[in-house]
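User: I'd like to learn how to read helix packing in a model like this one. Can you walk me through it?

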Amino acid sequence: MAQEISDASLSGPVKNQQHEMESGLHKNAANPRQPSLDNPDDTNNIFGETSDELNEDRMKQIAAEGNAHFHRLGWKRLSIVLVVEAVALGSLSLPGAFHTLGMILGVFLTVFLGLAAVFTSYIVGRVKLAHPEISHYADAGRLLLGRFGYEVFGAAFVLELLLVVGSHALTGSIALVTINGGNVCSIAFSAVSAIVLLILAIPPSFTEVAILGYIDFVSILVAIGLTIIATGVQARDSPGGLSGVSWSAYPKGDLSFSEAFVAVSNIVFAYSFAIGQFSFMDEMHTPKDYMKSIWANGVIQILIYTLTGALCYAFIGSTVQSPALLSAGHLISKIAFGIALPVIFISGSINTTVALRYVHGRMYKNSIHRYINTPLGWVSWIGIVTIFTTIAWVIAETIPIFSDLLSLCSALFVSGFSFYIPGVMWFAFLCKGKWYARENVVMSIGSIIVFIIGVVVLVGGTYSTIVDIIDQISHGTDHAPFTCRAV
């Protein structure tokens, strides 16, 4: 028999959720006309207890066990989840962004936007600590704008993660086509990619995902490291050596507005970890430790992104491709993509879990099925994972351009969740007294800056991405939607 967890062992939001659950269950048990889990009758058993009472006790136990299962995440595992959720596709798009923007501006924006993301994640964490009832970004939207904010933020939250999972399906397809050598149509491989993403998203708790995260983290480091070493050796052995590589410290001479903003949006996408922070912190057993995870994640990301973007661009030059692993040469690209498969699929599945924990929670509010430890809970969870992944696959085939798909996601959603919305949250939830008071002025100025960054990326990035998608599909070398991709 499963161990029963006492009410005293729960605290904070965990205990509140259990009391809310028990209240709902008590109302159900008190009304014999209400359906219950086991369809109890009113007859007494040999111990003098009615089956209603037994059923209520059983459901309370399931609720307690569910709460305990979803609150086991420590700050170290959270760091791993944050890193693998973020350090994936973003790093693969950066060398191409550096080529567009030039080495100086590329390095500056990578470091600056990374520090800005750490700042906004600090704000998001403080909001979570001040309002522990927030489980997802949609809940923050409710605090800001009421029911309207809840619905709008919730829809945007799911749509962003849908685009992110779609970009992982697209990258998985590119990886499998490259490994295979183009002997199988890319649509078939994108379907295989979607199936793998679906299977890996079935475990609903981030604690289990964090275990896979260690494999994920090693995977991306080795794949990037192999690409950097291989391209460095190729550059050294090429005519003219390293000095002959055609990289530039400054933006391209014929750089258009849309190209520049797509590149900037790709860098912004690399720092999209704030969107899942409420969800991740909601599983922490000690939420106040969150800043340790944010600093660990932020520093790791800035280092990986800066080194990946700068070194790959310096070794490859103007012929750099996106994703960058395509630039390592025919054989090395196959090997690098093979090593990168875990990060492509595990990171994508984490985003599915983040989105659908919110959706599933709405479906079964005040029900034990929300804990996904009942037959109905599992069936519905697997069902929505399947639907979500299928839609993400359709998006991947509809927008089959890697950098533009990342840019569109970044401009529409990351700009808000990672930048301008946290800027607003500071003034709405955390700033006490005048914004320019001595104790507030630094945070206030920082919040204004990240707000401006987010709005500029939202407007400029969305326009530029749409223009670039139309241009690439109409006149570029990228394949049309739902057609086979060439290697």
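Analyst: Let's begin with one term: a contact means heavy atoms within 4.5 Å. Keep in mind that this is a predicted model. The protein chain has 15 helices and 0 strands, and of its 487 residues, 55% count as buried.

User: How much of the contacts in the protein chain with a separation of 6 or more comes from residues 24 or more positions apart?

Analyst: Such pairs account for 82% of those contacts.

User: Let's take one helix, then. Which residues of H13 are buried?

Analyst: Buried means under 20% relative accessible area. In H13 that list includes Gly 377, Trp 381, Ile 384, Phe 388 and Ile 395, and Glu 397 is on it too.

User: And what covers the buried residues of H13?

Analyst: The cover includes helix H6 (137–180), helix H7 (186–200), H12 and helix H14 (402–430).

User: What is the span of H13 from its first C-alpha to its last?

Analyst: You check that against the expected rise of 1.5 Å a residue. H13 has 24 residues and reaches 35 Å, close to the 34 Å expected.

User: Two of those covering helices are H6 and H12. At what angle do the axes of H6 and H12 cross?

Analyst: Their axes cross at roughly 155° and come within 8 Å. Angles over 145 degrees count as roughly antiparallel, so H6 is roughly antiparallel to H12. The crossing is left-handed. As for what sits in this contact, its residues divide into 20 nonpolar, 11 polar and 4 charged.

User: Now the loops. Where does Tyr 371 lie, and is Tyr 371 buried or exposed?

Analyst: Tyr 371 lies in the loop between helix H12 (330–363) and helix H13 (375–398). Tyr 371 counts as buried because its relative accessible area is 5%. For a sense of distance, take Trp 381, 10 residues apart from Tyr 371 along the chain: their C-alpha atoms are separated by 9.9 Å.

User: What about Leu 326: where is Leu 326 found, and which residues is Leu 326 in contact with?

Analyst: Leu 326 is found in the loop between helix H11 (290–316) and H12. At 25% relative accessibility, Leu 326 counts as partly exposed. Leaving aside neighbours within four places in sequence, Leu 326 is in contact with Ile 174, Thr 178, Gln 321, Ser 333 and Phe 337. Look at Ile 174 in the viewer: Leu 326 and Ile 174 are 152 residues apart along the chain, yet their C-alpha atoms are separated by 9.1 Å.

Methods:
Residues are numbered from 1 along each chain as its sequence is written. This is a predicted model: local features need pLDDT of at least 70, side-chain atom pairs count only at pLDDT 80 or more; totals for chains, interfaces and linings use all residues. Side-chain values use heavy atoms; hydrogens and water are left out. Helices (H or I, at least four residues) and strands (E, at least two) are DSSP runs, numbered from the N terminus. Buried means under 20% relative accessible area, exposed over 50%, partly exposed in between (1.4 Å probe, protein chains only). The expected span of a helix is 1.5 Å times one less than its number of residues. Axes are lines fitted to C-alpha atoms, for helices over the stretch in contact, and angles run from 0 to 180 degrees between N-to-C directions. Angles under 35 degrees count as roughly parallel, over 145 as roughly antiparallel, 65 to 115 as roughly perpendicular and the rest as oblique. A crossing is left-handed if the near helix is turned anticlockwise from the far one by less than a right angle, and right-handed if clockwise. Ala, Val, Leu, Ile, Met, Phe, Trp, Tyr, Cys and Pro count as nonpolar, Asp, Glu, Lys and Arg as charged, and the others, Gly among them, as polar.
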